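User: I am new to this structure and would like a close look at a single part of it, the sheet. Please take me through how it is built and what surrounds it.

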Amino acid sequence: MAGSAPLLRLDNADIGHGRRVLLARLSLTLNAGERVALLGQSGAGKSTLLAALRSRLAGDVAWCPQSHGLVPQLAVYHNVYMGRLERHSALANLWNLVRPERRAWTEIAALCDELGLDGLLKRPVAQLSGGQRQRVAIARALYQQRRIFLGDEPVASVDPHQALRLLALIDARHATSVVALHQRELALTHFDRVWGLRDGRLELDAPTRELNLADLDRLYPAADAPPHCTADAPHPAADARRRAVAGDA
Ligand SMILES: Nc1ncnc2c1ncn2[C@@H]1O[C@H](COP(=O)(O)OP(=O)(O)OP(=O)(O)O)[C@@H](O)[C@H]1O
C-alpha cells in the first residue's frame, strides 16, 4: 500500500558527482509500496539522483540503467543472466557461458516470453532493435529479484501501449519503484507520486492525485512545454510561428 513505512529518507543531502553538488540540501522520503515518477528536463539530475538512491539502498535494488549496460556480443540469455552474476561462483558463471544451466534457462525463457522476447534467447543483443534491447535490460533487472525497482528511462524507446505493459510487469514484481521518465501523461496515470527536479532543487514532491499536466509543465522551460493552445494563453512557440506566418514577427 502506498504511503507506508519509509524505505529511505534524505535529509538535507548534497547530491552530485565528486565535489560538484548538483542537488543541494535535498530532502525526500521513499515510502514502501510507493511508485514514484521522477521528472525533469534533460540534465536536471534524474540519473544523478537515481545513482544516489541506488548506492544508499544497495542490495535491495533492481537496477535498469539508461544506457542499458548490455554486452552486445552476448546472447539475450547471457545478458539477462547477468542480473544474478554475483549470486554464483565465478566458475559457475563461466560454465554457464559455455553451457547454460537448465533451471536458469527455463526461468529466463519464461521471463523473456512475458516481455515479448520469445525466440530471441540465443540472439546476440547487437542484432536487436532499440526497443528489444530496452526489454532485455528490463528482463535483466527483473531477474535480479530485488524488492525496489530503480529505472532510468526504462520505457523511453517503446510505444505507449508497450510502455504500460512493461510498467505493469515491473509493478507485478516490485511494490516500490522510482522511474525516471519523459512522458508526463504516463507519470500521472501510472504512478502514485511525482518527484520533479528543476534548477538544482526538488521542485515538486506530491501525490499524483493532487497534480495535473500544468503542474508538471512547470518543471520544464516554456519552450519545451507541450502546447496548451487557448486563445488566452497561446503556447510561446506556436504563437511565434503564427506571428512569423502572419509576417508580424
Ligand atoms: N559522472 C559525472 N561526473 C560529473 N558530472 C556528471 C556526471 N554525470 C552527469 N553529470 C552532470 O550532471 C548533470 C545532471 O546529469 P544527469 O545525467 O543526472 O541528468 P538527467 O536529468 O538524468 O538527464 P537526461 O534526461 O538527459 O538523462 C549534467 O550537467 C551532467 O553533465
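Analyst:
**The sheet and its surroundings**

Trp-195 stands opposite Asp-205 in S8, and this pair is a good place to enter the sheet of what is a predicted model. The two strands concerned, S7 (193-198) and S8 (201-207), run antiparallel and are joined by six bridges. In general, the strands of a sheet pair through backbone hydrogen bonds, either parallel or antiparallel.

Stepping back, the sheet is an open one of six strands, with mixed pairing and the order S4-S5-S6-S3-S7-S8. Its edges are S4 (61-64) and S8, each of which pairs on one side only, while the twist from one strand to the next averages 15 degrees.

Two helices can be placed against these strands. H1 lies across S3 (35-39), S4, S5 (148-152), S6 (176-180) and S7, and it runs at about 155 degrees to S5; H5, residues 130-143, lies across S4 and S5, running at about 170 degrees to S4.

H1 also leads to the ligand, since H1 gives the shell around the ligand its largest share, three residues. Among the residues around the ligand are Gly-45, Lys-46, Ser-47 and Thr-48, and by class the shell has two nonpolar, eight polar and two charged residues.

The chain is divided into domain 1 (6-212) and domain 2 (219-249), and seven residues of domain 1 are in contact with four of domain 2. Here S7 and S8 return, as each supplies at least two residues of the side of domain 1 that touches domain 2, a side made up of two nonpolar, three polar and two charged residues.

Conventions
Residues are numbered from 1 along each chain as its sequence is written. This is a predicted model: local features need pLDDT of at least 70, side-chain atom pairs count only at pLDDT 80 or more; totals for chains, interfaces and linings use all residues. Domain bounds come from an automatic or database domain assignment. Helices (H or I, at least four residues) and strands (E, at least two) are DSSP runs, numbered from the N terminus. Ala, Val, Leu, Ile, Met, Phe, Trp, Tyr, Cys and Pro count as nonpolar, Asp, Glu, Lys and Arg as charged, and the others, Gly among them, as polar. A residue is near a molecule or strand if its C-beta atom, placed from the backbone, lies within 6 Å of it. Two strands pair if DSSP finds at least two bridges between them. Axes are lines fitted to C-alpha atoms, for helices over the stretch in contact, and angles run from 0 to 180 degrees between N-to-C directions.
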